[in-house]
Amino acid sequence: MTDIASPAVPATPAVPASTTAARHRVWPILLVVLLADALDLIDATITNVAAPSIVRDLGGGSALVKWLGASYALALGSLLVLGGRLGDRLGQRRMLLVGMAGFVVASAVAGLAVDPAMLVVARTCQGAFGALLIPQGMAIMTKTFPRDALAKAFGAFGPMLGIFAVGGPILAGFLIDANLFGLGWRPMFLINIVLGGAGLILAARVLPRLEPDPSARIDLLGALLLVIAMFGVLYGLITGSSDGWHTIPIASLAVGLCLFGAFAVRQATTAEPLIKPTLFRSRGFVSGLVVGLLVFAAFNGLMYVISLFFQLGLGYSPTRTSLALLPLTIGIIIAAGSCMALITRLGRTLVLAGLLLTAAGAALMLWVVASAGLAATWWQLALVTLVIGLGAGTCFSSIFDTALGDIDHDEAGAASGSISAVQQLAAGIGSATVTSIYFAAVATGQTHAVIRGVAVVLGLCVVCLAAVPLLPRKAAALEH
């Protein structure tokens, strides 16, 4: 799931009001940016609920379940920083329009997919075009909004993104059970033609034409190395856990790790790296990246396991599953909103609290499943998911702000971009890895499979707790 905390204002200051977009056009621009983020958030979360229905229709088994979320997050995370650089060089307005148009086309292909391979390719293309789309909105707002309007706009992000995060699974469940025109799960992708089409028309009318910066350098080789490296690692993990650890998955993992090493060397030697090597001299920043990677991976994997348990174990319909996940998402929203006023004062103490809450929720889930099994009641599961949501929301709103605590102001923009990319990559890694553990144990029963998956999440929380003392004591003093 994508972080729903309000984003930090980028390091580039807003230009004076005299050079900004006309004030009557500010809020339509914000609407375009919110719609772009809505497309991303909804499509990042819908497959949590839809995966069993899609597999029943197209086949593909457990491998397709793993790739549904991983392919989207992998493409988005590996190309996100590159998408921002392309916006600088070619113009943010142009890249936003290209990204939104491509996202609409990829969504249509996903909705019309006739086999698992076609769907996974379409999901990958959604993520790739999302990487062109998402960075541009924030850059356009920063360059065109008066400072007071910019502050109000960022204040609206948290609640609106929370609504989108809740709406994704609910929308997916409703559309699947409604079976509109006999299309089953397909309308949850096809609806993007309407949403994205409306966004394209509005964007073409209201987005200002900003001067591109032809001097901006783009490290295409670095981006290519990162994409192939991540694909190799995930392909190895998914294939190995599904088909056994034979030569191909082992070789894929080895190649992926080697190429990731080549990517690191490239970043250290090129004049314009995608990720500034100087960032990694900060112990607090590196610790924050590691903790964030593990937490987001654990949470995204846990979301899939819980949804699969609800549907395959307890026999819930997609709509009932999405409603049963509401306490979790509500917990995230409550915690994220509450932590906004506390993060600069409490810093890593909030990270500690979030990890402890998440671990408590995972332990409670283990107890409920081990003791009640398939007889678990709705109120037991609601309590469990609420606690997990409160812990996850506290982590989401504190880990990365705390990681930026020791970063110089002039590097804050690059650090924020790196963090966003890691967050998306973690979603792909987590959904693939934790569901692999779940499916490896499902032959011995749903209860055992859930216990195995949740135990891994609990273990990751414990590892993260050990890294908390390495984080900066205070979060970055960024405006919200």
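Which helices each supply at least two residues of the lining of the second largest cavity? I began my notes with that question, and since the model is a predicted one, I treat each entry below as a reading of that prediction.

**Entry 1: the second largest cavity**

I looked up the lining by helix and found that α9 (283-313), α13 (348-372), α14 (378-396) and α17 (446-467) each supply at least two residues, with α9 giving the most, at four residues. The space inside comes to about 60 Å³, and I note that the count of cavities of 30 Å³ or more is two. Listing the lining residues, I wrote down Val295, Ala298, Phe299, Leu302, Leu355, Thr358, Ile388, Ala392, Cys395, Val457 and Cys461. By chemical class, this lining divides into ten nonpolar residues, one polar and no charged.

**Entry 2: the second largest pocket**

I then turned from the cavity to the second largest pocket, whose volume I recorded as about 770 Å³. Its lining is made up of 35 residues, and those that lie nearest the centre of the pocket are Met230, Phe260, Leu293, Val422 and Leu425. The helices that each supply at least two lining residues are α2 (61-90), α7 (220-243), α8 (247-269), α9, α16 (412-441) and α17, and α16 gives the most, with eight residues. I sorted this lining as well and obtained 29 nonpolar residues, six polar and no charged. Going back over both lists, I see α9 and α17 named for the cavity and named again for the pocket.

**Entry 3: the chain as a whole**

For background I checked the totals, and the protein chain has 17 helices and zero strands. Of its 480 residues, 56% are buried. I also looked at how far along the sequence the contacts reach: among contacts between residues at least 6 apart, 85% join residues at least 24 apart.

**Entry 4: the nonpolar core and helix α1**

Which residues touch the most other members of the largest nonpolar core? In this core of 127 residues, I found them to be Ile54, Leu119 and Met188. Helix α1 (residues 26-58) contributes the largest share of the core, 19 residues. I followed Met188 further and, leaving aside its neighbours within four places in sequence, listed its contacts as Ile46, Ala50, Ile54, Ala172, Leu175 and Ile176.

Ala50 came up again when I examined the course of α1, since the helix bends by about 65° at this residue, and a proline, Pro52, follows within four residues. Is α1 largely enclosed by the rest of the structure or not, and why? I take it to be largely enclosed, because 28 of its 33 residues are buried. Just after the helix, I noted that Gly59 takes a positive phi of about 80°.

**Entry 5: the loop between α5 and α6**

I looked next for positive phi values in residues other than glycine, and Asn179 has one, near 50°. Asn179 sits in the loop between α5 (147-178) and α6 (187-206), and it is partly exposed, with a relative accessible area of 38%. Phe181 is found in that loop between α5 and α6 too, and its phi is likewise positive, at about 55°, although it is not a glycine. Is Phe181 buried or exposed? I recorded a relative accessible area of 80% for Phe181, so by the cut-off of over 50% this residue is exposed.

**Entry 6: two residues within helices**

I placed Arg452 in helix α17, where it is partly exposed, with a relative accessible area of 38%. Not counting residues up to four places away in sequence, Arg452 touches Ile437 and Ala441. I also checked Arg452 against Leu366: they are 86 residues apart along the chain, and their C-alpha atoms are separated by 9.0 Å.

Ala139, which I found in helix α4 (residues 116-144), has a relative accessible area of 21%; I therefore class Ala139 as partly exposed, given that buried means under 20%. I closed with its separation from Asp88, which is 51 residues in sequence and 8.8 Å in space, C-alpha to C-alpha.

Methods:
Residues are numbered from 1 along each chain as its sequence is written. This is a predicted model: local features need pLDDT of at least 70, side-chain atom pairs count only at pLDDT 80 or more; totals for chains, interfaces and linings use all residues. Side-chain values use heavy atoms; hydrogens and water are left out. A nonpolar core is a set of buried Ala, Val, Leu, Ile, Met, Phe, Trp, Tyr and Cys residues joined through side-chain atoms within 4.5 Å. Buried means under 20% relative accessible area, exposed over 50%, partly exposed in between (1.4 Å probe, protein chains only). Contact means heavy atoms within 4.5 Å. On a 1 Å grid over the protein atoms alone, a cavity is a set of points where a 1.4 Å probe fits but cannot get out, and a pocket is an open set with protein on both sides within 12 Å along at least five of seven lines; lining residues have an atom within 4 Å of a point. Grid points are joined across faces, edges and corners, and a volume is the space filled by probe spheres set on the points. Ala, Val, Leu, Ile, Met, Phe, Trp, Tyr, Cys and Pro count as nonpolar, Asp, Glu, Lys and Arg as charged, and the others, Gly among them, as polar. The bend at a residue is the angle between axes fitted to the seven residues ending there and the seven starting there.
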